[in-house]
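Me: I've just opened this one and don't know my way around yet. Could you walk me through it?

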Amino acid sequence: MGEVLNTRWTALIFLVSIIAFLSCKEKTSDFHSESALFKKGPEIKAISADIHLPHLFVSQDNIYLSWVESAQGYNQFFWAILQEDGLGEKKLIQAGEDWFVNWADYPQVNFFNDGSLMATFLRKSGPGTFAYDIWYTLSPDTHNWTEPKVLHDDQTQTEHGFISMSPWNENMLITWLDGRNTASQHSHNGHEHEHHGQMTLRAALLNAAGNKLNEWLLDDRVCDCCQTGTTVTDKGPMVIFRDRSESEIRDIGFVNWRDGQWSDPHPVYMDLWEIAACPVNGPRISSFENQSGIAWFTASKGQPEVKIIFSGDQGKTMSTPVRCDLGNPIGRVAIEMLDLQTAFVVWMEDQRILGRTVSTSGKLGPPLELTKSSANRSSGFPQLKKVDDRLWLAWTDDSNEQKEIKTLSIKLDK
């Protein structure tokens with residue numbers, strides 16, 4: 001009788017184990033098992049300098065990488081074409097010692113639709129920790145760069161950064177976080193006192209000659225240091241950002257361009273994440289024709305999540321958001337629309353950079369482990385762009401004494 005009971009208990013334990021196994025969270029497909037789709041790309045490293053702050057940008061059939069080399073307080077901003085068989089000629093954009101270098105607020109480059117270039121970087125404007133300005137420079141021939149200019153004209157020694165930019169017709173749309181209202185102000189009797197206003201979201205339109213055609217205030221109260229995002233659909237531009245309510249709800253907001261003006265800010269989705277400080281974890285947006293995908297991180301009620309939502313009409317209507325992560329993400333998202341029905345989203349979780357496809361119907365592709373990565377700030381934000389039939393990923397590897405940049409490409413199997 002005892003043997004029969006032991007056999008039954010063994011069978012029951014085995015059955016419970018099977019059920020528990022099947023109910024576990026998703027497992028990621030290992031990088032090496034996907035070798036037919038993945039290909040390691042160029043690496044950028046130096047013996048005595050940190051190579052970091054990667055940024056990817058595209059033009060027609062080519063993809064490019066920009067980065068910063070930092071050594072003993074001196075910073076050099078480079079760019080080069082990125083190819084499967086190596087990196088093209090390394091070209092200097094700007095260099096200096098008075099730069100503001102931050103793991104989350106990185107220099108960027110983008111093409112105008114006529115093939116000329118605009119690059120942005122950050123320079124200190126005063127002794128304050130977060131007193132810095134956005135500077136921009138242009139290259140009409142991709143070889144020579146104009147004398148840099150400050151993007152904004154408020155002349156306050158406050159924070160200006162976290163830009164995003166997208167070509168819009170023959171011009172360039174740039175958005176940024178602007179701290180002019182956070183500056184110390186003077187009372188009427190002449191005595192200075194601290195009066196900290198709110199971080200704002202602003203946008204400007206510049207032509208290829210570097211002239212500012214227009215500037216707008218998009219939102220007068222936003223999160224202090226989360227990245228912004230822009231895209232230009234067939235219907236016009238859309239800007240996303242982390243908003244901030246008076247009760248410290250910091251959900252993702254958006255504005256769009258309709259009938260010759262910007263809309264009021266609206267929530268992408270109401271996670272109702274109440275947090276007293278900026279999470280430094282901005283949203284990302286990508287579009288294919290009129291279809292846009294938005295990815296973001298939230299930790300409402302203490303539950304960290306990466307979500308994606310779609311819109312085919314500049315946010316007028318939104319799909320039901322889909323959760324993409326495996327249960328323990330730290331965010332730092334990236335997204336690329338592959339076609340009208342599919343996006344590829346990237347995020348960081350458990351010391352890894354993960355990715356997967358998400359369809360507009362909500363179907364999730366298998367999660368893929370793209371690479372190992374630390375969760376330190378020094379590992380930065382992974383960068384993702386599509387060109388032809390490949391996705392490219394770039395990230396900062398901080399596992400050695402000197403940081404370096406690594407890349408890989410993912411072949412898109414239809």
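Here are some questions and answers on this predicted model.

Me: Let's begin with the cysteines. How many disulfides does the count come to?

Reply: A disulfide needs two cysteine sulfur atoms within 2.5 Å. For C225, the nearest cysteine sulfur is that of C278, and it is 3.0 Å away. That distance is over the cut-off, so C225 is in no disulfide. C278 is in no disulfide either, and the count comes to 0.

Me: Is C278 buried or exposed?

Reply: The relative accessible area of C278 is 18%. Buried means under 20%, so C278 counts as buried.

Me: On to the empty spaces. Which strand gives the most to the lining of the largest pocket?

Reply: The largest pocket holds about 1,200 Å³ of space. It is lined by 46 residues, and the closest to its centre are V58, N110, S166, E336 and K385. Several strands give two or more residues to that lining, among them strand 2 (50-59), strand 11 (160-168) and strand 26 (329-337). With 6 residues, the one that gives the most is strand 11.

Me: And by class, how many charged residues are in that pocket's lining?

Reply: The lining of the largest pocket divides three ways. There are 20 nonpolar and 18 polar residues, and the charged ones come to 8.

Me: What about closed spaces: what is the volume of the largest cavity?

Reply: Searching the whole structure for cavities of 30 Å³ or more turns up 2. The largest is lined by residues including L53, W99, D105 and F121. Its lining has 8 nonpolar, no polar and 1 charged residues, and its volume is about 40 Å³.

Me: Which strand gives the most to the lining of the second largest cavity?

Reply: This cavity has about 30 Å³ of space, and Y106, T120 and I163 are among the residues lining it. Strand 8 (117-124) and strand 11 each supply at least two of the lining residues. With 3 residues, the top contributor is strand 8.

Me: Now a sheet. Which are the edge strands of the open sheet 1-32-31-30?

Reply: Its 4 strands pair in the antiparallel sense, and the twist averages 25° from one strand to the next. An edge strand here pairs on one side only, and that picks out strand 1 (38-40) and strand 30.

Me: Which residue in strand 31 is the bridge partner of K386?

Reply: Strand 30 and strand 31 (residues 390-397) are antiparallel, and they pair over 5 bridges. On the strand 31 side, the partner of K386 is L391.

Technical notes:
Residues numbered from 1 in each chain as written. Predicted model: local features only at pLDDT ≥ 70, side-chain atom pairs only at ≥ 80, totals over all residues. Heavy atoms only, no water. Buried < 20%, exposed > 50% of the residue type's maximum accessible area, 1.4 Å probe, protein only. 1 Å grid on protein atoms, 1.4 Å probe; cavity = no way out; pocket = protein on both sides within 12 Å on 5 of 7 lines; lining within 4 Å. Points joined across faces, edges and corners; volume = space filled by probe spheres on them. Nonpolar A, V, L, I, M, F, W, Y, C, P; charged D, E, K, R; others polar. Pairing = 2+ DSSP bridges. Axes fitted to C-alpha atoms, helices over the stretch in contact; angles between N-to-C directions.
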